[in-house]
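I opened this notebook to keep track of what I looked up, one entry per topic. The structure I worked from goes here.

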Amino acid sequence: MAEADITLSGLTKQFGDMVAVDDLDLEIPKGGFFAMLGPSGCGKTTTLRMIGGFEEPTAGTVNLAGTDVTNVPAHKRDVNTVFQSYALFPHMTVAENVEFGLKRKKVPKAERKQRVAEALELVQLTELANRRPTQMSGGQQQRVALARALVNRPQALLLDEPLGALDLKLRKQLQLELSRIQADIGITFVHVTHDQEEAMTMADQIAVMNEGRIEQLGTASELYDTPKTAFVANFLGTSNLIDAKVLSRSGEMAEVEADGGARLRVPASVLPGSDTEVRIGVRPEKLDLEAIDDGSPSANGDNVILGHITDAAFVGVSTQYVVHTEGGDELQVFVQNSADHPPNLGPGRRVAATWDPTTTFAVNREESDGA
Amino acid sequence: MRTTADRIRTWLLGTWSLLAILFLFAPIFVIVLFSFNDNQGRFNFTWQGFTLKHWKEPFAVAGLGEAMGTSLLIALFTTLIAVALGTFVALALVRYRWRGRGATNGLVFLPLATPEVVLGAALLGWFLTMGLVRGFVTVLIAHVMFTLGYVVITVRARLEGMDTHIEEAAADLGAGQVTTLWKITLPLLAPGLAAAALLSFAISIDDFVVSNFTAGQTVTFPLFVYGAARQGVPPQVNVFATAILVIVVCLMFANLAWQRRAARKEGIPVPEAQPLGI
Ligand SMILES: Nc1ncnc2c1ncn2[C@@H]1O[C@H](COP(=O)(O)OP(=O)(O)O)[C@@H](O)[C@H]1O
Ligand SMILES: [Mg+2]
């Protein structure tokens with residue numbers, strides 16, 4: 001990991017009895033696009049506000065570029081924020097809004113004008129420089145907020161659900177634009193969102209938050225392929241989770257026995273600690289179905305669980321099945337509707353659900369709450 | 001379908017409203033009209049012909065000009081002090097959490113709810129106890145006291161409608177508290193401040209009851225009128241009353257127009273803009 005730009009240690013925020021952020025440790029690397037992802041009310045905004053200096057931590061410290069800024073007021077911190085409500089100054093023009101921070105820093109006038117022009121160009125608002133923000137659409141206001149923050153060339157840019165108020169099409173477009181801008185200027189972006197797809201498309205690194213804590217930190221594919229908790233497994237996409245006992249751990253693949261009796265293989269590296277009671281998981285699209293009204297399934301090294309289909313829904317590109325296993329679990333199975341996979345399996349059919357053992361992951365057993 | 005009953009109801013309502021408005025405005029109209037009355041003798045009660053002479057010599061009556069000047073000065077100082085103080089009280093009430101905040105929030109209403117006679121008598125007692133010589137300063141103190149509540153309420157309403165993130169954004173961009181107040185908070189409050197100022201001025205300049213208790217030897221315009229009424233009110237009083245009326249009404253409409261324009265430009269909803277802002 002690159003050098004840390006923002007370091008949070010033991011960061012805690014209580015509102016009365018409510019613990020909004022709970023002993024949070026986090027290192028945000030320099031120059032990357034970092035996302036904080038979690039459901040509404042999990043403490044994302046509060047965390048961001050403590051980094052920005054708008055909320056005083058109950059405990060813990062905030063470090064910016066190696067300096068402890070926990071007790072530094074907001075106006076002296078070298079970070080800028082794009083607020084969810086944009087919070088543009090309604091009595092100033094777009095250009096005046098963007099110039100505000102530079103004036104506070106006493107940047108000479110000529111340089112100010114030039115940097116404002118550059119910032120407006122970056123967000124493609126040059127033509128609207130003399131408009132009032134209230135005469136603009138949501139997407140344009142969003143860009144003004146972005147330009148107003150970026151023009152100061154902060155150490156890091158904090159974005160609190162910056163696209164939350166926009167409609168889907170505009171959101172997609174601005175996602176791409178934000179990624180482009182971040183790549184262009186190389187400032188650390190800390191992007192807060194509750195939208196897992198947004199986090200996965202935009203961020204280099206994602207911290208998944210739940211109930212004031214970081215559940216897991218990683219790249220989009222790490223989080224998706226090897227979630228470590230049931231919460232992450234279900235918050236990012238859908239997962240099938242199966243309780244199992246470890247039989248052997250020798251070599252690269254461990255062997256476990258599912259509660260229904262099926263023997264399954266799991267990469268040893270994903271199994272937590274030395275527990276014998278584990279919970280393994282597999283994504284619905286990694287599963288395949290094979291009708292078994294005639295004899296036993298062809299195993300050829302795959303994991304196999306037997307059951308029968310209780311529901312089949314055709315959704316165009318795929319068919320989504322629910323399989324009731326002999327062990328009593330419900331499995332979601334998404335099967336691509338390709339030429340060699342005619343969607344001809346209906347409810348009641350006995351099937352074998354099979355998958356490549358290397359795509360299996362395991363989550364903490366004691367956590368049972370999903371999203 | 002409009003039935004006959006509907007039409008009659010509409011007609012009755014219209015007539016009724018017209019009568020109500022006439023009832024409200026007839027006295028004001030009489031005051032304006034009689035500033036042009038060519039009256040003979042001390043009294044100015046019967047119409048005796050049109051003249052502009054009172055308008056040409058408004059200061060002809062001894063003491064009237066001075067009383068008017070005193071009233072204007074008191075109203076001006078009252079406005080300045082009440083708006084400055086009231087704005088900071090409103091800021092403290094809305095933006096900060098402190099002990100006694102709830103109590104203060106309720107207490108600012110009290111002078112508005114107290115009958116003026118009670119307020120005047122209480123202030124008189126208080127000034128006497130404190131041994132203050134009654135005059136210009138005591139009237140000023142009294143006026144600031146009972147206009148403050150209006151200012152706090154007007155400014156507080158506008159502050160509450162303001163997105164607090166706007167001030168945070170200013171801090172985020174490097175503005176300290178003082179800069180934020182000057183560059184962001186006060187400009188955004190401006191329409192509220194204007195309404196509060198207008199209200200304070202209007203209340204102060206025509207106050208009689210409280211001034212009567214606290215003025216001592218000082219004579220304000222309403223006190224002069226009251227004193228003159230016994231020997232017959234000179235038409236010059238009507239002239240000044242009309243002038244004040246015209247000026248205040250003009251200011252109110254200007255403020256209204258300005259608020260509307262600002263609201264349109266900023267997109268801040270001004271709740272059903274009223275000339276007096278409450
Ligand atoms: N100023 C506050 N006073 C009391 N509770 C608050 C305050 N701000 C946030 N909270 C509570 O803290 C929790 C986390 O809030 P927040 O950080 O806004 O979550 P998120 O941004 O992830 O939706 C929520 O339960 C919220 O109700
Ligand atoms: Mg939030």
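The entries below take the ligand site on chain A and then the helices of chain B.

**Entry 1, the model.** I note at the outset that this is a predicted model, and I read every value below as computed from that model.

**Entry 2, the shell around ligand 1.** I listed the residues around ligand 1 and found Phe15(A), Met18(A) and Ala20(A), followed by the run Pro39(A), Ser40(A), Gly41(A), Cys42(A), Gly43(A), Lys44(A), Thr45(A) and Thr46(A). Sorting this shell by class, I counted five nonpolar, five polar and one charged residues. I then asked which elements of chain A each supply at least two residues of the shell. They are strand E2, residues 18-29, and helix H1, residues 44-52, and H1(A) has the largest share, with three residues.

**Entry 3, polar atoms at ligand 1.** I looked next at individual atom pairs between the protein and oxygen atoms of the ligand. For Thr46(A), an N or O atom of the side chain is 2.5 Å from an oxygen atom of ligand 1, and for Thr45(A) the corresponding side-chain distance to a ligand oxygen is 2.6 Å. Gly43(A) takes part through its backbone, where an N or O atom lies 3.1 Å from an oxygen atom of ligand 1. As for cover, ligand 1 has 560 Å² of accessible area on its own, and the protein covers 59% of it.

**Entry 4, chain B as a whole.** I turned to chain B and recorded 12 helices and zero strands. The C-alpha trace of chain B spans about 75 × 70 × 35 Å along its principal axes.

**Entry 5, H3(B) with H9(B).** For packed helices I kept to two descriptors, the angle between the axes and the distance between them. Helix H3 of chain B, residues 64-95, packs with helix H9 of chain B, residues 177-205, at an angle of about 140° and with the axes 8 Å apart. That angle makes H3(B) oblique to H9(B), and the crossing of the two is right-handed. By class, the contact of H3(B) with H9(B) has 17 nonpolar and seven polar residues, and no charged ones.

**Entry 6, H6(B) with H7(B).** I also looked up helix H6 of chain B, residues 116-130, and helix H7 of chain B, residues 136-160, whose axes come within 11 Å and cross at roughly 135°. H6(B) and H7(B) are therefore oblique to each other, and I recorded their crossing as right-handed.

Notes: Residues numbered from 1 in each chain as written. Chains lettered and ligands numbered in written order. Predicted model: local features only at pLDDT ≥ 70, side-chain atom pairs only at ≥ 80, totals over all residues. Heavy atoms only, no water. Near = heavy atom within 4 Å. Polar contact = N/O pair within 3.5 Å; in protein donor to acceptor, adjacent residues only side chain to side chain. Areas by Shrake-Rupley, 256 points an atom, 1.4 Å probe, with all protein chains shown as cover. Nonpolar A, V, L, I, M, F, W, Y, C, P; charged D, E, K, R; others polar. Axes fitted to C-alpha atoms, helices over the stretch in contact; angles between N-to-C directions. Parallel < 35°, antiparallel > 145°, perpendicular 65-115°, else oblique. Left-handed = near helix turned anticlockwise from the far one by under 90°.
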